[in-house]
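Below is a walk through one protein model, taken element by element. Please keep the sequence and the coordinates open while reading.

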Amino acid sequence: MTNSVAPARAVLEEACARASFDPAGAEPIRLAENEIWRLPDQVIVRIARAGQWDAAVREVRVARWLADNELPAVRALPVEQPVEAAGRPATFWAELPRHEIGTVRDVVVLLKQLHPLPLPDFPLDRLDPFVRVAERIEAATSLSEDDRGWLRHRHADLREWWEHRPAGLPECLVHGDAWVGNVARTAAGPIMMDFERASVGPPEWDLVSTAVKLTTTGTVTESEYAEFCQAYGRDVTEWEGYELLAGARELRMTTYAAQHAATRPEWQAEAQYRVDCLRGRAEARPWRWKGIM
């Protein structure tokens with residue numbers, strides 16, 4: 001067991017003990033902002049950061065509510081959860097069947113089912129497109145102070161703009177991070193995952209996640225995007241608030257990379273490149289941002 005995995009496994013073992021699961025034979029799937037483990041009995045354990053208890057509660061509630069409303073979603077196991085382990089919330093999920101990462105088409109199929117649903121009868125936060133952005137900037141110590149200062153100003157400007165955003169589609173339950181990485185493609189169809197950012201807000205926020213893959217990073221083709229818009233019935237890039245929401249997405253993507261570059265040297269070049277793009281030091285859009293795992 002490596003030194004980096006040992007502390008994470010200790011938290012896993014405490015979480016499993018509190019929820020009456022056996023951690024023997026657990027395998028790490030991903031150890032990043034959230035730590036995700038697979039138990040041998042087809043149980044997935046998700047351990048969030050400290051301070052994310054409310055988000056973990058919301059994630060479980062939303063998943064169960066979506067199941068009640070017959071939207072294909074990852075299933076929270078019928079145990080009392082979340083549980084606390086080492087000051088962190090842990091949740092427990094049924095392992096998905098054999099699957100691969102979703103497609104742009106899969107995303108829009110699920111959003112078309114999600115957005116018309118009535119709001120749940122339990123409390124949900126209002127959408128905050130900038131959650132944890134300030135903390136990420138402060139943690140981004142591989143960047144120069146000049147770059148971090150610029151990111152702070154960009155954050156403040158976008159927040160002010162958000163408070164005076166133009167009207168759009170009627171607000172609804174939004175996923176909050178609706179991209180192909182949060183959709184699993186199974187033999188039975190696509191399944192939605194990861195509800196920690198689910199909230200009430202403009203549906204355009206969910207649409208922008210795909211749109212920026214065309215306009216910002218070039219990882220979605222024009223034909224894929226045209227199919228997405230046709231299926232949903234709206235092209236969010238034509239909305240007057242698009243620049244605001246795209247800017248918020250770009251800032252999130254950049255500060256995510258920059259935060260982790262402080263402790264992961266292999267990400268530093270990518271984080272700096274993203275900042276350079278936002279500051280006009282690189283080529284014109286679409287940029288070729290690399291995926292970060």
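In this predicted model, a convenient place to start is helix α6, where Glu 204, Trp 205, Asp 206, Leu 207, Val 208, Ser 209, Thr 210, Ala 211, Val 212 and Lys 213 are buried. Ten of the twelve residues of α6 are therefore under the 20% relative accessible area that counts as buried, and the helix is mostly covered. What do the buried residues of α6 pack against? Their partners are α3 (104-114), β7 (172-174), α7 (222-232) and α8 (242-261).

The length of α6 can be checked as well. The helix covers residues 204-215, and at 1.5 Å a residue its twelve residues should span 16 Å. The C-alpha atoms at its ends are 15 Å apart, so the model agrees with the expected span.

Next comes the sheet. Strands of a sheet pair through backbone hydrogen bonds, in either a parallel or an antiparallel way. Here five strands form an open sheet in the order β1-β2-β3-β5-β4, and the pairing is antiparallel. β1 (27-31) and β4 (83-85) are the edge strands, each pairing on one side only. From one strand to the next, the twist averages 30°.

Within this sheet, β2 (residues 35-39) and β3 (residues 43-47) run antiparallel and are joined by five bridges. One residue to look at is Trp 37, whose bridge partner in β3 is Val 45.

The sheet also has a helix against it. Helix α2 (residues 53-68) lies across β3, β4 and β5 (88-94). Relative to β5, α2 runs at about 20°.

Note on methods: Residues numbered from 1 in each chain as written. Predicted model: local features only at pLDDT ≥ 70, side-chain atom pairs only at ≥ 80, totals over all residues. Heavy atoms only, no water. Pairing = 2+ DSSP bridges. Helix = DSSP H or I, 4+ residues; strand = E, 2+ residues; numbered from the N terminus. Axes fitted to C-alpha atoms, helices over the stretch in contact; angles between N-to-C directions. Contact = heavy atoms within 4.5 Å. Expected span 1.5 Å × (residues − 1). Buried < 20%, exposed > 50% of the residue type's maximum accessible area, 1.4 Å probe, protein only.
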